[in-house]
Amino acid sequence: MAATQVIRSEWTKIRSVASTVWTLSLAVVVTIALGMLISALSKNEFDTMPRQDRVSFDPTYISFAGMTLGQLAMIVFGVLVVSNEYSTGMIRTSLAAVPRRAAFLFSKIAVATGLALVVALATSFATFFLGQAMLGPHRTELGDPGVLRAVVGGGLYMTLIAMFSMGVAAMLRSPMLSLGILMPFFFLISNILGNVDATKKIGRFLPDQAGSRIMQVVTPSGDDTPYGPWGGLGIMALWVAASLVGGYVLLKRRDA
Amino acid sequence: MIELEGLTKRYGEKVAVNNLTFTVRPGMVTGFLGPNGAGKSTTMRMMLGLDRPTAGHVRIDGKRYEQLKDPLTYMGALLDAKAMHGGRSAYNHLLCLAQSNGIARKRVDEVLDTVGLTAVARKKAKGFSLGMGQRLGIAGALLGDPRILMFDEPVNGLDPEGIHWIRHLMKSLAAQGRTVFVSSHLMSEMALTADHLVVIGQGRLLADTSMADFIARNSRSYVRIRTPQRERLLDVLHGAGITVVETGNGTLEVDGGKSELIGELAAQHQLVLHELSPQQASLEEAFMQLTAESVEYHAHTDAPAPRPWGDDWKRG
């Protein structure tokens, strides 16, 4: 039962370092706090909004506003889980203990993904309910069409962001390099590409733009996105698969 | 048993390890000696499947390292004291290694006790001194109770008591019939622990021999003599056809192990000797001689073969 051995080992690794706790806590706190703040602000501004905005007002999506920042903590979590091995030199000890590199990498990713999924789903539900509480009269209900899908999807979105980061970190090895590319990319570049008309058509195929579609319940007016919520999440999953395959291929070929 | 065959590692143009073939046998401590940068660590990383050889292969009890099921139970290795996550406690570091190879949890406590780290088992490794880190690395190597042990520069950072402890540990592991392979750049260290020597320089195999043979072959033995009747003794020895070298401080030296013959000659001629002692050049000298040649050979391939180290002063 070699696979379960490696998974247990990776669970011991992930629970025994401080970065796991602080990155995930930060993701939870930032997502919820910012979601509540923006929900409260939106409630106060609702009456002064243009009519068009009021029609396409999406209380579910508003309550997830904190994820734009919270996902950065998820990125840090995903990057550190993998790149810690390289920055500390632990990788040589780890690969001497588990020389089959596929077993090593995918056990690590499975454990980290499982943990991220639990935290992300809990965060998604919490931020939804607390956000709706802030929205007061403009709130929506979990039972309304598409809402449950959006809330579960929010958890999946954050999990996939963490997985994508793990793959990138496996390719780049250095935590600083990985964060230096991922953080500005998801915080700035992707948003710019997605909002500038010239690049919009390409930008919406980027992992976060495509994936965040799952959290929308009300389609904005004039939206011509060529995929639906699950289609968007599928595009994101393809990005994740690509980064994990890239990470594995490089790990397999490289000297440790 | 570890078998290397034609093991070669190239980084671009540079050859780090060049066609190494040797066998590390059980029941003894095999010293792996070479100056810094000779390719010792690269060779050890290839033995563990961490680095991929450009050519050749390594077999651990006949198998490739990657083919071993639960490899820590076959072969334990200390690579460097820093190959661990500093934020993790000593106990958890060993626990995650044990779990990955299906080793019982109680074994973690046992090896912590063996290396003397029980008191700091719950402390984070980043607070450890180099010596404590080294001990934790050794605990990791012992974890699977393996038949083969490999230590890369294990005495680095250890205090005298720690050095004594690791020497004793290596010898007792070998005495239990295990294969012990230990690298060092210090010949003096190897002289105290190793039964067999593998010497490399510039990635090439320079010697694969027992410690005793290595000394006999590579170091100069001579007899040192001190006498108040110097001129007479010189005459007697010349008469017997023995070449004597006068060294600066009033002593005489005779190459080879002829102390009995010299003693008998002195007795026949009733000469007083204050000293008649067989000497052997230190192992460090022998090692430097061997590796210096390999360095010189690579540095100026057109130059004539360098004379053995010590030739100049030996002849006075």
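This is a short dialogue about reading helices and strands in a predicted model.

Me: Let's begin with a helix. How many residues of α6 in chain A are buried?

Reply: A residue counts as buried if 20 or more other C-beta atoms lie within 10 Å of its own. In helix α6 (residues 90-97) of chain A, eight of the eight residues are buried, so "mostly covered" is a fair label by that cut-off. Among them are A:M90, A:R92, A:L95 and A:A97.

Me: What do the buried residues of α6(A) pack against?

Reply: They have partners in both chains. In chain A they pack against α5 (67-88) and α7 (101-135), and in chain B against β5 (75-78), α2 (90-100) and α4 (130-142).

Me: Let's follow that last one. Why can we call α4(B) largely enclosed?

Reply: Count again: 11 of its 13 residues are buried, so the rest of the structure largely encloses α4(B). B:M132, B:R135, B:I138 and B:L142 are included in that buried set. The buried residues of α4(B) pack against α6 of chain A, and in chain B against β5, α2, α3 (106-115) and β6 (148-152).

Me: What span should the 13 residues of α4(B) have?

Reply: The expected span is 1.5 Å times one less than the number of residues. For the 13 residues of α4(B) that gives 18 Å, and its end C-alpha atoms are 18 Å apart, which agrees.

Me: Now a pair of helices. At roughly what angle do α8 and α12 of chain A cross?

Reply: Picture a line along each helix. The axes of α8 (residues 147-172) and α12 (residues 229-253) in chain A come within 8 Å and cross at roughly 20°. That makes the two helices, α8(A) and α12(A), roughly parallel, since angles under 35 degrees count that way. The crossing of α8(A) past α12(A) is left-handed. Residues where they meet include A:G153, A:L160 and A:F164 in α8(A), and A:L233, A:W239 and A:L244 in α12(A).

Me: And strands? Which residues of β12(B) are on the covered face, and which on the uncovered one?

Reply: Look at the two faces of the strand in turn. In β12 (residues 252-255) of chain B, B:L252 and B:V254 make up the covered face, while B:E253 and B:D255 make up the uncovered one.

Me: Which strands pair with β12(B)?

Reply: One is β10 (residues 221-226) of chain B, antiparallel to β12(B) and joined to it by four bridges; there, B:Y222 stands opposite B:D255. Another is β11 (residues 245-246) of chain B, also antiparallel, over two bridges, with B:V245 as the bridge partner of B:E253. In the hairpin of β11(B) and β12(B), five residues sit between the strands, and B:G250 takes a positive phi near 85°.

Conventions. Residues numbered from 1 in each chain as written. Chains lettered and ligands numbered in written order. Predicted model: local features only at pLDDT ≥ 70, side-chain atom pairs only at ≥ 80, totals over all residues. Buried ≥ 20, exposed ≤ 12 C-beta atoms within 10 Å, placed from the backbone. Pairing = 2+ DSSP bridges. Contact = placed C-beta atoms within 7 Å. Axes fitted to C-alpha atoms, helices over the stretch in contact; angles between N-to-C directions. Parallel < 35°, antiparallel > 145°, perpendicular 65-115°, else oblique. Left-handed = near helix turned anticlockwise from the far one by under 90°.
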